Amino acid sequence: MKNRTKPFIVSITSGKGGVGKTFVTTNLAAVLARQGKKVLVADCDLGLANVDIMLGINPERTLKDVVFGDMHLRDVIMSTKGGFDLIPASSGIREMAQLLFEKIQLIKDMLLEIEGYDLILLDTGAGIAEVVLQFNLLANQNIVVINRELTSLTDAYAMVKVMYQVFSRQSFSIIANNIADEKEGAAIFKNIDAISRRFLGFPLNYLGPVFQEDAVPKSLLKQEIAVLTHPRSPLAANFSQIGRSLLDLKKA
């Protein structure tokens, strides 16, 4: 029977680029699909899309055909080898990177019309540009990806601060990516959580770490999904735990 309940929308974002946001999105989507969930990934990094590149696919239709054509988002959905579906965006298209507010709203409205999925993961751009903030606002849950770099933490905090002060959001989950072990991940999270508690007045939620592994750069080069090619790796265990924690948030 087709799932008619509204999908749980999750944005996966970051304060700065280069922290592994799209890697997290694709591997988390694959894990959730393996856990029996119907998952749709929407590439919302409109001008610099790379989910399709990461998966090694060449989509015939993209978000550009929705924004500047007469298609609905449903018309561009494609299946992937990761077991989840994808709404691909376009890369290197200036007009897509500078969309007017009504075009962004069009995409958001169409996303809200989509049924038949348990979760929709929005792979957003980085930073606090208006288009990034709008997709984050659409989500039921905001996940911010950080790593050990100081700029990653400061920029992530800046994003949380803007979302709170301008839009009154105060529910954010953190994933510490590309870190050595549990201890380092916990320390990095404790740092940004303490800053949020002190200056914004609310705690952050820790979804967990993603360990640094040799399998990651190899999977990226081969355009593979690491949790599927290395299902018994610590990294796959990390994503499985993050997936379960996210599903617990969905139930809450």
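How exposed is asparagine 178, in terms of relative accessible area? In this predicted model, asparagine 178 comes out as partly exposed, at 35%. The residue sits in strand β7, and its backbone is a bit unusual: phi is near 60°, a positive value in a residue that isn't glycine. Most residues other than glycine have a negative phi. Serine 168 is another case, with a positive phi near 65°. That serine belongs to the loop between α7 and β7 (172–179). Its relative accessibility of 54% is over the 50% mark, so serine 168 counts as exposed.

Next come the charged pairs. Searching the whole structure turns up five salt bridges. One of them joins lysine 16 to glutamate 149, with 3.2 Å between the closest N and O atoms. Lysine 16 is in the loop between β1 (8–14) and α1 (21–34), while glutamate 149 is in the loop between β6 (141–146) and α7 (150–167), so this bridge ties together parts that are 133 residues apart in sequence. The two partners fall into separate classes of exposure. Lysine 16 has a relative accessible area of 19%, and because buried means under 20%, it is classed as buried. Glutamate 149, at 36%, is partly exposed.

Lysine 21 and aspartate 123 also meet through their side chains, in a salt bridge of 3.9 Å from N to O. Here too, distant parts of the chain are linked: lysine 21 is in helix α1 and aspartate 123 in strand β5 (residues 119–126), 102 residues apart. Both lysine 21 and aspartate 123 are buried.

The bridge between arginine 197 and aspartate 193 is a local affair, with an N-to-O distance of 2.7 Å. The two residues are four apart in helix α8 (residues 182–199), which means that about one helical turn separates them. Arginine 197 is partly exposed, with a relative accessible area of 49%, whereas aspartate 193 is buried at 8%.

What about the nonpolar interior? The largest nonpolar core is made up of 35 residues, and Leu28, Leu121 and Phe239 have the most contacts inside it. Helix α1 supplies the largest share of this core, seven residues. Leaving aside residues up to four places away in sequence, phenylalanine 239 touches Phe23, Val24, Asn27, Leu28, Val31, Val210 and Val227. Leu28 thus turns up twice, as one of the residues with the most contacts in the core and as a neighbour of phenylalanine 239.

A second core, separate from that one, holds 26 residues, including Leu63, Val76, Ala89 and Ile104. Alanine 89 gives a handy view of the surroundings there. It is found in the loop between β4 (85–87) and α4 (94–97), and with a relative accessibility of just 3%, it counts as buried. Beyond residues up to four places away in sequence, alanine 89 is in contact with Asp43, Asp45, Leu46, Ala49, Thr62 and Leu63. Leu63, one of those contacts, is listed in the second core along with Ala89. The backbone tells a related story: the C-alpha atoms of alanine 89 and cysteine 44 are 6.8 Å apart, with the two residues 45 positions from each other along the chain.

Key
Residues numbered from 1 in each chain as written. Predicted model: local features only at pLDDT ≥ 70, side-chain atom pairs only at ≥ 80, totals over all residues. Heavy atoms only, no water. Buried < 20%, exposed > 50% of the residue type's maximum accessible area, 1.4 Å probe, protein only. Contact = heavy atoms within 4.5 Å. Salt bridge = Lys/Arg side-chain N within 4 Å of Asp/Glu carboxyl O. Core = buried A, V, L, I, M, F, W, Y, C linked by side-chain atoms within 4.5 Å.
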